[in-house]
Structures are given as C-alpha cells and as structure tokens.
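This report goes through a protein model from its charges and overall form to one end of the chain. Please keep the sequence and the structure in view while reading.

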Amino acid sequence: MTTDRTAVEFRPAGPEDATAVARIWHHGWRDGHLGHVPGDLVAARTPESFGTRAAERVGDTVVAIVDDAVAGFVMVVEDEVEQVYVSEDHRGTGVATALLAEAERLVEAGGHRRAWLAVVAGNARARRFYERCG
C-alpha cells in the first residue's frame, strides 16, 4: 500500500519481529499513557514486559514494513483493534492511517461488520487521529 508519503507493506508478524514490536510498543505506550494511568501500571510496563507481551502476541500481530524495517504494528482480535503503534521515526508519514485501514480489513475478513477500539483518557493525540479516521 502506498500512503500519501510512504510505501507500506503488511505481513503477519513472526518471532523475529517481537523485538522491534516491543520497542515500538513500549515507546508509544509511554507517550500515550504517562500522566494518564496509575503509577503502579507505569512501573509494571517495563521494556522487558513489552518484550514478553510482544512475543506472546505474534499470532495476532500484523507489522507495517517500510524500507525493509518494522515501522509499526497492529493487533486485532475478533472485532477489537487492540493495539495500533507506529515507530517515532514514521509518525506523520501515513503509516498509522495505513495500519488502521489494515486493521479494519482484518476485522471485516474475520466476519465482523464493525471494528472497535479503546483509547486511554487523556491521550489526545490518539483520540484526534481516530476521530479524523472516523
């Protein structure tokens, strides 16, 4: 898929992608959640915890590839878009929009008519993005 600015390819994640997914997930989670969730949760969300979670979730993860590198990922389970994260280097390039479209495609391919997601209260940037995307 080509977005306005970036050629993006999608593929199912494999075990070899877990490290890149964990790094993107940890960094993006901190950007969107610090100051909006309890301190105990922040303390529990270590780089190691994201490494474990990313490895466990490879089966429901699709990665976005730009220039042969993981630029972001989406996790979809049934009709829920559970996670959408883009590496800091690829923010503002159209990768997030492409990932969200891929998530909607996966939900529909799974036999669901409507996708849903949740965003932490206070994550204004993500909320604006999802509102723009409908």
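## Charges

For the charge count, Lys and Arg are taken as positive and Asp and Glu as negative, while His and the chain ends are left out. On that basis the protein carries 15 positive and 21 negative charges, and the mean positions of the two groups lie 6 Å apart. The model is a predicted one.

## Fold and overall form

The protein contains 5 helices and 4 strands. Their order along the sequence is β-α-α-α-β-β-β-α-α.

A compact globule of 134 residues would have a radius of gyration near 14 Å, and the value for the protein, 14 Å, agrees with this. Along the principal axes, the C-alpha atoms fill a box of roughly 40 × 30 × 30 Å.

## Burial, contacts and surface

Buried residues make up 44% of the 134 in the protein. Among contacts with a separation of 6 or more, 65% are between residues 24 or more positions apart. The exposed area of the protein is about 7700 Å², of which carbon and sulfur atoms supply 49%.

## Helix 5 and the chain end

Helix 5 spans residues 124-133, and its residues Ala126, Phe129 and Tyr130 are buried. These residues are on the same side of helix 5, because they cover an arc of only 95° around the axis. The cover over the buried residues of helix 5 includes strand 4 (80-86) and helix 4 (95-109).

Glu131 and Arg132, on the other side of helix 5, are exposed. Just after helix 5 comes glycine 134, with a positive phi of about 85°.

Key. Residues numbered from 1 in each chain as written. Predicted model: local features only at pLDDT ≥ 70, side-chain atom pairs only at ≥ 80, totals over all residues. Heavy atoms only, no water. Helix = DSSP H or I, 4+ residues; strand = E, 2+ residues; numbered from the N terminus. Rg over C-alpha atoms; globule rule 2.2 N^0.38 Å. Buried < 20%, exposed > 50% of the residue type's maximum accessible area, 1.4 Å probe, protein only. Contact = heavy atoms within 4.5 Å. Areas by Shrake-Rupley, 256 points an atom, 1.4 Å probe, with all protein chains shown as cover. Charge placed at Lys NZ, Arg CZ, Asp CG, Glu CD. Arc of directions from axis to C-beta.
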